[in-house]
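Subject: Structure handover

Hello,

Here is the structure I promised to pass on. Please open it first, then read my notes below.

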Amino acid sequence: MSTATPATAIQAGDIITEAGVPKKKIRRPIKSFYPTWFFIPALVLYVVFFALPTFSSFYFSLTRWSLFDSTFIGIDNYVQFFSDPQLYTSFIHTLIYAVITSGVKVIVGFALALLLTAPIIGRGYLRAVVFFPVLLSTIGVGIMWKSLLDPFHGMVNAVLGFFGLPQPGWLTDPNLALYSIAGIDIWKGVGIATLIFMAGIVAIPHEYFEAAKIDGAGGFKILRQITIPLTRGATATVIILSLIGGLRSFDIIWVTTGGGPGFTSDVLASVIYKQYQAGFFGLSTAGNVVLFLLVTVIMVPLSYFLNRKQVEL
C-alpha cells in the first residue's frame with residue numbers, strides 16, 4: 001500500500017522530468033541596491049556643483065543682488081544686457097572665433113591623425129609633441145604667446161624681421177587680434193582633436209584597407225570611401241567639443257588682450273566678466289544665462305544632426 005501524499009507527488013514531479021532527467025531548480029537572483037550606492041557620490045557632486053548653481057543662476061538673473069542681499073527686478077537685467085552696444089559686436093566675435101577654432105581643429109587634427117597613425121619614423125615622439133600643449137595651463141599658454149607675439153620684443157617678429165618680412169602687431173592690431181588669439185587656441189587644443197581622430201582611425205578594421213588595396217583602390221579613394229565615413233563619430237565629437245569650447249572661450253582671450261585693443265577681441269564671456277568687474281552681479285548673471293541658452297540652442301540641433309546617421313563597421 002502506497003504512502004505517498006499529493007504533496008510528495010508534486011515535489012517528485014518537480015525533480016523528475018518527462019524524459020527522466022533531473023530538473024534543476026531555478027533560483028531568482030536577489031535584487032540588491034548595493035551597486036547603486038556607488039552612484040551617490042557622483043550624484044551629490046553633480047547636484048551641488050552643477051544643478052543647483054545652474055537653477056540658482058536663473059533666479060539670480062532676475063534680481064539685483066550682492067553677497068548679502070537680493071532684490072527681485074524681473075527681466076530688467078535682460079533688457080539692460082541686450083541694450084549694451086557691445087553685445088552685437090561681441091556676439092559676432094564669439095561666432096567667428098568658435099567657427100574658426102573648431103573648423104581648423106577638425107581639419108588639422110584629422111590630417112595629423114592620418115600622419116601619426118601611418119608607419120613613420122619617430123611616430124611616438126611626434127605624438128607626444130602634438131599632444132604636449134594640451135597639458136599646459138591655458139593661462140601659462142596665454143602669457144607665453146603674449147610675450148612671443150609682442151610687436152617690439154617678441155621672438156616671432158624678430159624672426160620675421162630677420163628675413164625682411166612685415167612685422168605686424170599680432171595682438172595690438174584691431175584687424176588681427178581676434179584671429180591671433182584663435183591661432184593660439186588652435187595650437188593648444190589641436191592635440192585633443194588629433195587624439196580623438198587617431199582613436200577613430202585605429203578602430204577601423206585593417207581588413208577594410210587590405211580589401212580596398214586588393215581591389216585596386218588608391219590612397220585618396222581609401223580616404224574618401226573608408227577612412228572619412230568610418231570616423232564620422234570622431235568627427236562629430238571633435239566638432240561638438242571644440243565648438244562648445246569656442247563659444248565659451250574666455251581665459252585665453254582675457255590673458256592675451258583683455259578684449260582689446262578697444263573692443264575688437266571681446267566675446268560674450270569677456271563682456272559678461274567686465275560687467276561682473278563693474279559690480280553688476282545680476283546683469284552678469286543674466287549674461288551667463290544668455291550664453292548658456294546660446295550654447296544650448298546651437299549645440300542641441302547640431303549634435304542631433306551630426307549623430308543622426310551612424311556608420312556601422
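Start with helix α10. Its buried residues are Ile-222, Ile-226, Thr-227 and Leu-230. They lie on the same side of α10, because they cover an arc of only 85 degrees around the axis. The general rule helps here. An α-helix has 3.6 residues a turn, so residues three or four places apart point the same way. Helix α10 itself runs over residues 219–230 and has twelve residues. From first C-alpha to last, α10 reaches 15 Å, close to the 16 Å expected at 1.5 Å a residue.

One caution before you go on: this is a predicted model.

Next, helix α8. This one covers residues 177–202, which makes 26 residues. What span should α8 have at 1.5 Å a residue? The expected figure is 38 Å, and the end C-alpha atoms are 38 Å apart, so the two agree. There is also a kink in α8. The kink is about 45 degrees and is centred on Gly-189.

Now the charged pairs. How many salt bridges does a search of the whole structure find? The search finds two. As background, side chains of opposite charge can pair when their charged atoms come close.

- Asp-185 pairs with Lys-105, with the closest N and O atoms 3.0 Å apart. This pair links distant parts of the chain: Asp-185 sits in helix α8 and Lys-105 in helix α4 (residues 86–116), 80 residues apart. Asp-185 and Lys-105 are both buried.
- Lys-274 pairs with Asp-266, at 2.8 Å from N to O. Are these two residues buried or partly exposed? Lys-274 has 24% relative accessibility, so it counts as partly exposed. Asp-266 has 2%, so it counts as buried. The cut-off for buried is under 20%.

Then look at the loop between α12 (251–256) and α13 (268–277). Pro-261 is found there. A cis peptide bond joins Gly-260 and Pro-261, with omega at about 0 degrees. For context, most peptide bonds are trans. Gly-259 lies in this loop too. With a relative accessible area of 0%, Gly-259 is buried.

Residues of this stretch can be paired with others from elsewhere in the chain. The C-alpha atoms of Gly-259 and Leu-178 are separated by 8.7 Å, although the two residues are 81 residues apart along the chain. Gly-260 and Asp-173 are 87 residues apart along the chain, and their C-alpha atoms are separated by 9.2 Å. Asp-173 is in the loop between α7 (155–162) and α8. At 25% relative accessibility, Asp-173 counts as partly exposed.

Helix α7 holds Asn-157. Is Asn-157 buried or exposed? At 1% relative accessibility, Asn-157 counts as buried. Its C-alpha atom is separated by 9.1 Å from that of Trp-170, and the two are 13 residues apart along the chain.

Last, the surface. A nonpolar patch of about 1,100 Å² is found there. Its residues are Trp-37, Ile-40, Leu-43, Val-44, Leu-45, Tyr-46, Val-47, Val-48, Phe-49, Phe-50 and Leu-52. Leu-52 has its place in helix α2 (residues 39–60). Leu-52 counts as partly exposed, because its relative accessibility is 48%.

If you view just a few places, try these: the kink at Gly-189, the buried pair of Asp-185 and Lys-105, and the cis bond between Gly-260 and Pro-261.

Best wishes

Conventions
Residues numbered from 1 in each chain as written. Predicted model: local features only at pLDDT ≥ 70, side-chain atom pairs only at ≥ 80, totals over all residues. Heavy atoms only, no water. Helix = DSSP H or I, 4+ residues; strand = E, 2+ residues; numbered from the N terminus. Expected span 1.5 Å × (residues − 1). Bend = angle between axes of the 7 residues up to and from the residue. Patch = residues over 30% accessible without salt bridge, like charges linked within 9 Å, V, L, I, M, F, W, Y side chains within 5 Å. Areas by Shrake-Rupley, 256 points an atom, 1.4 Å probe, with all protein chains shown as cover. Salt bridge = Lys/Arg side-chain N within 4 Å of Asp/Glu carboxyl O. Buried < 20%, exposed > 50% of the residue type's maximum accessible area, 1.4 Å probe, protein only. Arc of directions from axis to C-beta.
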